[in-house]
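User: I would like to learn how to read enclosed empty space in a protein model. Could you take me through it with an example?

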Amino acid sequence: MEKYIITGGKPLKGEVIISGAKNAAVALLPATVLAGDVCVLENVPDISDIRKEIEILRQMGAKVTRLSPSSLEIDTSTLNTTEVPLELGIKFRASYYFLGSLLSRFGDANVPMPGGCDLGARPIDQHLKAFTALGAAYELDYAMINVKTDNLQGAHIFFDTVSVGATINAMLAAVKAKGTTILENVAKEPHIVDVANFLNTMGADVRGAGTDVIKIRGVERMHGATYTVIPDQIEAGTFMVAAAATRGDILVKNVTPEHLEIITSKLRATGAVVEEFDEAVRVIGVSEYQNTNIKTRPHPGFPTDLQPVMGVLLCLAKGTSIVTESIWDSRFRYCDELNKMGANIQVESRVAVFEGVEKLQPAPVKATDLRAGAALVIAALCAEGQSEITEIQHVERGYVDIVKKIRALGGDIRKVVVPEGEVLKKAH
Ligand code: EPZ
């Protein structure tokens, strides 16, 4: 087990280069199955979820070669099974994208019930609804989902709820279905557009991604392609908030500023200074922040994945801020940890009331999920003195080289191995 030791109180200053988007890349790797050919993916974040997907592809017979730390050559012509290994697939969420791509290419997919961050109930009924509408049948068998069909047929599908995962899985399943598929009430996140662009580069005909309706004309064949993953909007937002909360000054590079508009506007509402450039944003912290309210929404609303991170800044903003979480049931568990650091947050179901405090104090805290962990890292960087964060495997699922990037900005963070049986000691 590993933990972070962070000595906070120093503003983060300098430049940071944002990696490729996790939530796009974790869909693009399974999408290469559709090519049955060689694909090259560039700007792929080297994070644990991606390493698991590489291992899944290899165990299924694909050849995966790392051309550089962020580019992969994937040859899926040699796939020899439609079954994702249970022990790998069960460990993270995005393994379920193999359902759509294997179903589309082979008419058969066997994938473990997906794991991932514990954010409350995470049903997959909308994925299954899409597969069924396209002519597949599914059954669940001892933690495995089997979906199969003799013939995928284009269909008109109206999603009951806006879902990133179901939108992507439906696109993956429909690209080679006979005829036309119309998907309505779809998710519009930048990574939806990225997946559609990659599918089109492989020969698919997907239009309308980024709007409420996606139209897919089935094609007979797809082929290999070279594609570059978009920058990670959530990693960028995390460093933007870190600049503001530590009262620092960070130039966040390799970003698409339009994907960051909502976080930019919320940061400005608190009083932080945000400057926008072609492929970068600069955030300059100020001495005092104003309260603001947040309600998470599917894109283009405020992303739920930045809610915990932004919560740290609201702890330090004057007055009362109200945060409403409308996507996940359990996304406020980080608030208990922040309260251990001197924050004043009261949570009632999906609403959290933040009363601003002068400063946060160091404490031993636990990352309860990926973005909760990122929030605690920022909080510890703000708190004068030494904090410890455990359960950091969650953080490392989503952030490339987070320790190295923060250290390059002047932050005092170390990753250390926790000796077995170690009990918490008071830091000095
Ligand atoms: C994706 O999860 C992201 N994960 C999450 O990122 C992110 O929080 C979420 O989208 C929302 O933006 C990946 O891309 C791997 P959803 P996903 O399907 O696809 C309900 C992070 O920190 N729903 O858009 O699982 C669901 O319960 C994370 O990087 C159904 O009811 O999210 C939720 O309330 C964690 N039935 C809402 O829709 C379904 O079949 C949105 O979920 C599917 C979803």
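Analyst: What follows goes through the cavities of this model, which is predicted.

User: How is empty space found, and how many cavities of 30 Å³ or more are there in the whole structure?

Analyst: Rolling a probe the size of a water molecule over the atoms shows where empty space is left. Here a search of the whole structure gives 4 cavities of 30 Å³ or more; the largest has a volume of about 90 Å³, and the second largest holds about 70 Å³ of space.

User: Which residues line the largest cavity, and which helices each supply at least two of them?

Analyst: The lining includes Ala21, Lys22 and Asn23, together with Pro190 and His191, the run Ile230, Pro231, Asp232, Gln233 and Ile234, and also His259 and Arg371. Helix 1 (22-31), helix 7 (190-201) and helix 8 (233-245) each contribute at least two residues to this lining.

User: What is the chemical character of that lining, counted as nonpolar, polar and charged residues?

Analyst: The lining of the largest cavity is mixed, with 5 nonpolar, 4 polar and 3 charged residues.

User: How do the residues lining the second largest cavity divide, and where does the largest share of them come from?

Analyst: They divide into 10 nonpolar residues, 1 polar and no charged, and among them are Leu12, Phe239, Ile378, Tyr399 and Ile406. Helix 8, helix 12 (370-382) and helix 14 (402-408) each supply at least two lining residues, while the largest share, 4 residues, belongs to helix 12.

Note on methods:
Residues numbered from 1 in each chain as written. Predicted model: local features only at pLDDT ≥ 70, side-chain atom pairs only at ≥ 80, totals over all residues. Heavy atoms only, no water. 1 Å grid on protein atoms, 1.4 Å probe; cavity = no way out; pocket = protein on both sides within 12 Å on 5 of 7 lines; lining within 4 Å. Points joined across faces, edges and corners; volume = space filled by probe spheres on them. Nonpolar A, V, L, I, M, F, W, Y, C, P; charged D, E, K, R; others polar.
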